[in-house]
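Open the model in your viewer and keep the selection box handy. We'll start with the whole chain and then work inward.

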Amino acid sequence: METWDWAADGLAEDKPNVARMYDYFLGGEHNFPADREMADKAIAIYPGLTEVAKINRAFLRRAVRYLCVKGIRQFIDIGSGLPTLGNVHEVAQEVAPDAKVVYCDIDQTAVTYCRMMLIGNPDATVVHGDVRHVEQILAHRDLRHLIDLGQPVAVLVLGLLHFFVDDDHPETFIARIFDTVAPGSYLAISHASSDLRPEDGERITKLYERSGNPIRFRTHAEIAKLFGGFTLVEPGLVEIPDWRPSADVGVIPEAVVSGYAGVGHRP
């Protein structure tokens with residue numbers, strides 16, 4: 001892939017950005033000094049963060065494969081972040097070559113780089129949007145060009161909702177999704193929690209707040225409520241590594257388990 005000079009296009013940032021920090025946690029190269037400085041501070045508080053990012057990414061791959069097996073051929077990845085290894089379209093189209101994928105992110109850097117990645121793939125695209133206005137995302141003409149919302153679709157909201165505090169009412173985002181998608185659709189959520197490491201969670205919360213990127217760790221019960229009208233499929237809402245683990249997944253140290261994941265079905 002050709003090298004992309006973000007700064008030349010006005011995309012360089014002097015403030016940390018959660019999408020680029022996540023890329024850094026995954027070992028990517030699409031980040032800037034401010035992102036790395038902030039990420040390193042978070043890692044100093046919680047050394048398992050890089051492993052947590054990889055565990056979340058592995059859940060994405062397992063969930064997409066599961067949904068393909070269930071017959072889903074349409075995917076909407078909201079808060080998709082920067083492209084990295086094992087993107088949704090790569091996983092889905094390996095299992096089901098006719099799968100169609102729409103990515104969405106609020107960060108223009110992520111959108112620009114994703115557009116580059118998707119050149120030559122007519123069955124995948126990206127839109128710029130904010131999950132707080134998810135109805136606009138779902139009505140976007142580029143999304144509607146690929147996705148038939150009259151047919152079942154899988155909506156992925158992974159590692160995103162913990163960046164919205166309670167006053168943002170993230171449960172309303174899910175309610176709008178539920179009201180829009182067809183019966184037979186699915187919703188996948190992964191969400192950070194401090195249930196197992198409350199002291200680390202409190203320190204990371206304060207760090208993110210100081211950087212202008214508030215984060216809200218939620219309990220298992222609070223995350224379960226975010227699924228709204230979607231019915232959780234087996235094994236329910238569980239620690240991220242425990243959601244239908246692959247046969248080759250080894251023992252995950254408790255020190256790097258920091259959230260829950262689940263997939264819900266719209267009856």
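How much area does the protein expose, and what share of it do carbon and sulfur atoms supply? The protein exposes about 12,200 Å², and carbon and sulfur supply 51% of that (Shrake-Rupley method, 1.4 Å probe). This is a predicted model, where local features need pLDDT of at least 70 and side-chain atom pairs count only at pLDDT 80 or more, while totals for chains, interfaces and linings use all residues. Residues are numbered from 1 along each chain as its sequence is written, and side-chain values use heavy atoms, with hydrogens and water left out.

**Whole chain.** Switch to cartoon: you should find ten helices and eight strands (DSSP runs, H or I of at least four residues for helices and E of at least two for strands, numbered from the N terminus). The C-alpha trace spans about 45 × 45 × 40 Å along its principal axes. Of the 267 residues, 52% are buried (under 20% relative accessible area with a 1.4 Å probe, protein chains only; exposed is over 50%, partly exposed in between).

**Main core.** Now select Val-64, Leu-67, Phe-75 and Val-263, the residues with the most contacts inside the largest nonpolar core, which has 34 residues. (Such a core is a set of buried Ala, Val, Leu, Ile, Met, Phe, Trp, Tyr and Cys residues joined through side-chain atoms within 4.5 Å.) Helix 3 (49–69) gives the largest share of this core, eight residues. Zoom in on Val-64: leaving out residues up to four places away in sequence, Val-64 touches Phe-75, Val-88, Val-91, Ala-92 and Leu-156 (contact is heavy atoms within 4.5 Å). Apart from this core lies another, of 32 residues, including Ile-78, Val-127, Val-134 and Val-157.

**Helix 5.** Next, pick 108–117, which is helix 5. Eight of its ten residues are buried, so helix 5 is largely enclosed by the rest of the structure. Color Thr-109, Tyr-113 and Met-117, which are among the buried ones. For what covers them, show helix 1 (18–25), helix 4, strand 2 and strand 3, which are included in the cover of the buried residues.

**Leu-158.** Last stop: Leu-158, in strand 4. Is Leu-158 buried or exposed? Leu-158 is buried, at 10% relative accessible area. Beyond four places in sequence, the contacts of Leu-158 include Phe-59, Leu-60, Ile-78 and Ile-189. Then draw a C-alpha to C-alpha distance from Leu-158 to Ser-211: the two are 53 residues apart in sequence and 22 Å apart in space.
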